[in-house]
Amino acid sequence: MKIKFKILLLVIVTAFVASSCKYDWIIPEEVPDRDPDQEISFSQEILPIFNSGNNCTACHNGSQIPDLREENAFGSLNSTRYINKTSPEESKIFAYPHPDGGHYKKYTLTQANLVLAWIQQGAKNN
Ligand code: HEC
């Protein structure tokens with residue numbers, strides 16, 4: 001083999017080995033930065049967490065409390081059982097499905113943070 005060819009081969013093998021070492025299967029969740037003063041919209045940002053892909057409404061559809069269907073979600077959640085405006089982190093609708101919470105169905109961290117921020121902003125029907 002000519003030396004040039006050997007070098008080329010070495011480069012190709014090195015590139016292959018290096019690229020195969022990316023730990024693609026451990027995908028860290030990206031938590032986007034948000035301006036804390038930007039108001040969270042219940043209808044635009046919180047409801048889709050419950051409804052899209054039947055994420056929560058697969059079960060919370062009237063037979064299981066809280067009813068998280070679009071037309072009923074705010075009414076079901078607007079109670080001290082689920083929302084604690086004095087200590088938002090203790091709100092059941094935030095803490096129970098939190099990634100560290102007790103529910104077997106969990107929010108992503110981004111979703112949990114949105115729910116918490118919405119409660120901190122007064123849990124408005126906006
Ligand atoms: C596969 C069905 C299922 C899915 C999907 C599901 N839940 Fe639940 N959830 C339940 C059941 C059953 C209970 C009651 C038993 C318990 O407390 O774990 C419950 C309880 C809860 C409670 C406590 C209710 C109370 O009054 O004590 C909250 C809050 C809750 N779920 C929120 C959610 C949210 C938010 C989602 C979506 C991220 C979700 N759940 C997805 C089945 C589900």
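**View 1. The shell around the ligand in the predicted model.** The residues surrounding the ligand comprise 12 nonpolar, 4 polar and 3 charged; Ala, Val, Leu, Ile, Met, Phe, Trp, Tyr, Cys and Pro count as nonpolar, Asp, Glu, Lys and Arg as charged, and the others, Gly among them, as polar. The shell holds 19 residues, with Cys56, Cys59, His60, Tyr82 and His103 the closest (a heavy atom within 4 Å of the ligand). This is a predicted model, in which local features need pLDDT of at least 70 and side-chain atom pairs pLDDT 80 or more, whereas totals for chains, interfaces and linings use all residues. Residues are numbered from 1 along each chain as its sequence is written, and side-chain values use heavy atoms, without hydrogens and water.

**View 2. Polar contacts of the ligand.** Oxygen atoms of the ligand lie 2.7 Å from a polar side-chain atom of Arg81 and 2.5 Å from one of Tyr82 (N or O pairs within 3.5 Å). For His103, a side-chain N or O atom is 2.8 Å from a nitrogen atom of the ligand.

**View 3. The iron site.** His60 and His103 each provide NE2 as a protein donor to the iron atom of the ligand, at 1.9 to 2.0 Å (donors are N, O and S atoms within 2.8 Å of the metal, or 3.2 Å for Na, K and Ca). Because His60 lies in the loop between helix H2 (42-51) and helix H3 (73-77), and His103 in the loop between helix H4 (92-95) and helix H5 (109-120), the pair ties together parts 43 residues apart in sequence (helices are DSSP runs of H or I, at least four residues).

**View 4. Backbone features in the loop between H2 and H3.** Ile65 and Pro66 are joined by a cis peptide bond with omega of about -5°, and Pro66 is placed in this loop. Asn54, also in the loop between H2 and H3, has a positive phi of about 55° although it is not a glycine.

Notes. A polar contact is a pair of N or O atoms within 3.5 Å; within protein, one must be able to donate a hydrogen and the other to accept it, and residues adjacent in sequence count only if both atoms are side-chain atoms. Helices (H or I, at least four residues) and strands (E, at least two) are DSSP runs, numbered from the N terminus.
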